[in-house]
Amino acid sequence: MKNKKGEKMNHNVKYSILIPIALLLVASCNSTKYLAEGEHLYDEGIVEIQNDTLDKERKKTFEGNLEELLMPKPNKKLLGWRYKLGFYNLGGGPDTTKNFIKNWLKKQGEKPVLLSDVNREYNENIVRNRLENIGFFNASVLSDTIIDGKFAKVKYDAYPGKIYRIGSVKFDVDSTKALGKDILKTRDGTLLAVGKNYSLDNILNERDRIDNYLKDQGYYYFSPDDLLIEVDSTIGNHKVDMYLTVKKETAAKAKEPQKIGNIYVYPNYQLTGSGYRRANPRQLELYDDQLYIIDPENTFRKKVIKNHIFFQRGELYNRHDHNLTINHLVNLNAFKFVKNTFEDNPDSTNTMDIYYYLTPLQKKNLRFEVIGKTASVYNGTEATVNWQLRNAFKGAETFTVSVFGGYETQTGGSVNLNSSYLRYGAEVGIVWPRLIAPFNWQTGDRYIPKTYTKVGYEFLNRRTAYTLNSLSFNYGYNWKENDRKQHDLALAEIIYARPRNITAEYQAQMDTVPTLRHIVDTTFTFGPNYNYTYTNTMDQSKRNTMYFKGGINLSGNVLGLIQGADYKEGNIKRVFNTAYSQFVKLEGDFRHYLKLGPDAQLASRIMVGTSYSYGNSRALPYLKQYFTGGPNGLRAFRARAVGPGSSMPENLGEDNFFADQTGDLKLELNTEYRAKIAGIFHWAAFIDAGNVWLQNADPNKPGGQISKDFLSELAVGGGLGLRFDLSFLILRTDLAIPFRVPYNAKSDRWVFNKIDFGNSNWRRDNLVFNLAIGYPF
């Protein structure tokens with residue numbers, strides 16, 4: 001078979017690139033290249049616990065934890081290859097050459113870690129101390145070196161002996177004094193329970209626990225270091241007695257609760273080299289009988305400042321109010337620096353004055369952003385100019401104006417979407433750091449609730465099809481119940497979208513594919529929208545964590561019932577001469593994360609969306625409908641290219657539109673194994689399944705209505721991914737293929753037998769590459 005023109009050249013180029021890369025890799029694989037005679041490369045440190053009472057799993061975990069303490073660390077590896085050392089060797093190793101390329105390679109690498117760098121006695125002591133700190137008082141550690149050619153390992157044999165347990169705990173404090181009484185009140189919650197293993201960590205945590213309680217009782221000057229826990233290990237039977245006392249050298253004022261005296265707030269404090277000058281309290285006005293606010297320029301309204309200071313004059317100091325005040329002042333989004341100091345009141349014993357120095361953020365801020373957008377077959381760019389005015393009305397409000405514009409076009413894929421489009425628009429918004437409501441509504445005091453309103457406009461120009469003008473308005477509240485639960489209630493969400501300038505070409509396509517008409521229907525929705533979010537994924541100590549977001553969206557319900565709207569009878573009602581949508585929409589997103597090790601986890605997600613359109617509507621408006629596919633959903637299928645149900649996606653041919661596949665109901669299931677390779681490199685294997693369905697039958701979408709057989713209509717796909725964790729962002733690449741195609745005949749939906757990586761046509765039609773930022777879930 002003859003080569004096509006240019007094929008030989010392409011092969012030569014390919015080999016000219018691959019051969020040098022291969023040679024570089026081979027050259028870098030000689031890890032011991034620059035070792036001197038008698039030197040050995042340190043391969044690893046191994047800890048073996050000589051104890052038959054521990055089960056294999058606990059023993060392995062225990063040994064791994066001890067190995068983490070060993071120093072130094074061997075040269076880093078990637079799939080067994082010491083890549084950092086390889087870069088060092090490619091740079092000439094110890095050679096002091098001034099060659100730019102070699103010096104650059106050397107900087108990316110690391111010097112060889114030698115056996116002579118290992119201090120065995122130091123590591124023996126580290127392992128022994130750790131064993132003693134968890135109760136193995138009679139532990140001993142021996143080490144030995146294992147030489148294998150130019151490589152060496154160090155093996156540490158740990159003999160822990162029998163663990164010591166707590167025999168008794170005595171709180172040896174003066175019960176006649178206030179401090180002693182308060183310490184004794186904490187006794188029932190002690191971490192030093194009789195029968196538990198001795199643990200230095202538990203001792204330190206017990207001191208912190210008691211100190212936390214005392215801080216809430218006014219003991220500002222007390223410290224965990226003022227507590228002494230003595231341990232007697234001579235009582236026999238591998239037990240210890242513990243005695244908790246207050247150190248004799250503890251300062252007198254640390255033993256007394258402190259009261260709050262005067263409170264001074266400087267809300268417009270500017271840090272200068274000459275320091276600051278305090279105002280004379282006698283020249284100040286006491287606001288609300290609680291605090292002095294030093295703000296000659298009236299930068300902030302006094303009531304706003306006072307609402308976020310939780311201390312009150314005359315009360316005992318407590319850490320809760322201390323932390324709550326700082327947390328509120330920081331999260332007002334109005335101050336660059338928040339500093340507070342406590343100083344003894346000169347006129348009263350055991351009384352502290354508080355000073356808050358608040359440095360405002362820059363009042364006006366202008367930000368310009370340009371981002372690149374990519375997904376399977378779409379590429380483009382978008383620019384945003386954001387202007388922000390802080391403390392807009394002297395109440396820490398944030399006023400923003402955003403103007404954006406972008407362009408996106410198709411650059412790949414097997415279907416010519418002809419979907420290049422231009423979009424631009426603007427949004428104006430205000431956020432108040434409080435609830436603005438006609439009634440008293442409390443959401444808790446730990447977090448600042450917010451009231452928001454925003455108005456937006458967008459113009460979309462789909463070149464050869466139509467233009468779309470969209471207006472939106474939102475007013476609502478956002479608040480956190482605690483660090484795991486968050487609520488967002490939009491009392492009013494109004495969306496109005498109207499198409500214009502529908503081209504003759506698109507009109508002809510609508511005549512061929514009637515479902516395209518839904519895309520250019522005028523949309524008018526109004527009603528409340530509520531979302532609830534729960535997550536504990538921030539808890540790194542848990543093996544199982546979860547995330548849940550659920551929401552309900554309503555439109556036109558009350559008005560539709562009052563007006564007696566009924567599309568079935570042709571009785572469609574209008575507001576401002578526009579038919580409005582009437583529906584109830586519910587959706588939930590549940591994610592579960594199972595930690596399989598320090599660098600591996602199994603992530604799973606189930607998304608369910610349902611809706612009921614009635615009265616004035618037959619189906620959800622296009623902007624509210626569900627879709628699946630794309631880089632964050634069914635990755636083996638392109639975005640909006642699956643469903644509804646078993647209906648066939650409609651490709652209108654060369655230079656025509658691909659009709660978006662949308663529905664009123666949705667089910668999506670995803671599971672993904674994630675693991676670290678080395679450094680910034682991570683990989684994943686995943687399987688996705690899902691589809692969308694219609695609430696009512698549509699003759700133009702046969703098989704699209706939801707039925708009892710909906711599970712047999714799930715699309716399924718899977719693949720592999722490579723991720724680059726750059727700490728400030730995660731760059732994700734996924735390559736996927738379909739396993740099950742719902743619009744095939746029932747007996748032919750599984751397509752494993754059609755997989756043919758050697759066939760270029762199959763690869764073109766089935767291999768889907770996704771490039772995205774962040775994890776899909």
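These legends go with close-up views of a predicted model.

**View A. How confident the prediction is along the chain.** Across the protein the pLDDT averages 88, and 91% of the residues score at least 70. One weak spot is residues 1-24, where pLDDT stays under 50 and the model has two contacts beyond four places in sequence. Another stretch, residues 412-417, also has a pLDDT below 50, but here the model shows 20 contacts beyond near neighbours in sequence. Where pLDDT is low, don't read the predicted coordinates in detail.

**View B. A nonpolar patch on the surface.** About 860 Å² of nonpolar surface comes from Leu 79, Ile 677, Ile 680, Phe 681, Trp 683, Leu 720, Leu 722, Leu 726 and Phe 728. Two elements, strand 26 (681-693) and strand 27 (715-725), give two or more residues each to this patch. Take Leu 720 as one of its members: this residue lies in strand 27, and it counts as exposed because its relative accessibility is 54%.

**View C. Asp 43 and Lys 77, a salt bridge from strand to loop.** The closest N and O atoms of this pair are 3.2 Å apart. Asp 43 sits in strand 1 (residues 41-49) and Lys 77 in the loop between helix 2 (56-67) and helix 3 (83-90), so the bridge ties together parts that are 34 residues apart in sequence. Asp 43 counts as buried because its relative accessibility is 13%, while Lys 77, at 37%, counts as partly exposed. A search of the whole structure turns up 33 salt bridges.

**View D. Arg 130 and Asp 201, a salt bridge from helix to helix.** Here the two side chains meet with an N to O distance of 3.6 Å. Arg 130 belongs to helix 5 (residues 120-133) and Asp 201 to helix 7 (residues 200-215), so this pair links parts that are 71 residues apart in sequence. Arg 130 is partly exposed, with a relative accessible area of 30%, and Asp 201 is partly exposed too, at 36% relative accessibility.

**View E. Arg 732 and Asp 734, a buried pair in a salt-bridge network.** The side chains of Arg 732 and Asp 734 form a salt bridge at 2.6 Å, N to O. Arg 732 counts as buried because its relative accessibility is 0%, and Asp 734 is likewise buried at 0%. Follow the shared partners outwards and you get one network made of Arg 635, Glu 672, Arg 674, Asp 688, Arg 723, Arg 732 and Asp 734.

Note on methods
Residues numbered from 1 in each chain as written. Predicted model: local features only at pLDDT ≥ 70, side-chain atom pairs only at ≥ 80, totals over all residues. Heavy atoms only, no water. Patch = residues over 30% accessible without salt bridge, like charges linked within 9 Å, V, L, I, M, F, W, Y side chains within 5 Å. Areas by Shrake-Rupley, 256 points an atom, 1.4 Å probe, with all protein chains shown as cover. Salt bridge = Lys/Arg side-chain N within 4 Å of Asp/Glu carboxyl O. Helix = DSSP H or I, 4+ residues; strand = E, 2+ residues; numbered from the N terminus. Buried < 20%, exposed > 50% of the residue type's maximum accessible area, 1.4 Å probe, protein only. pLDDT = per-residue confidence, 0-100. Contact = heavy atoms within 4.5 Å.
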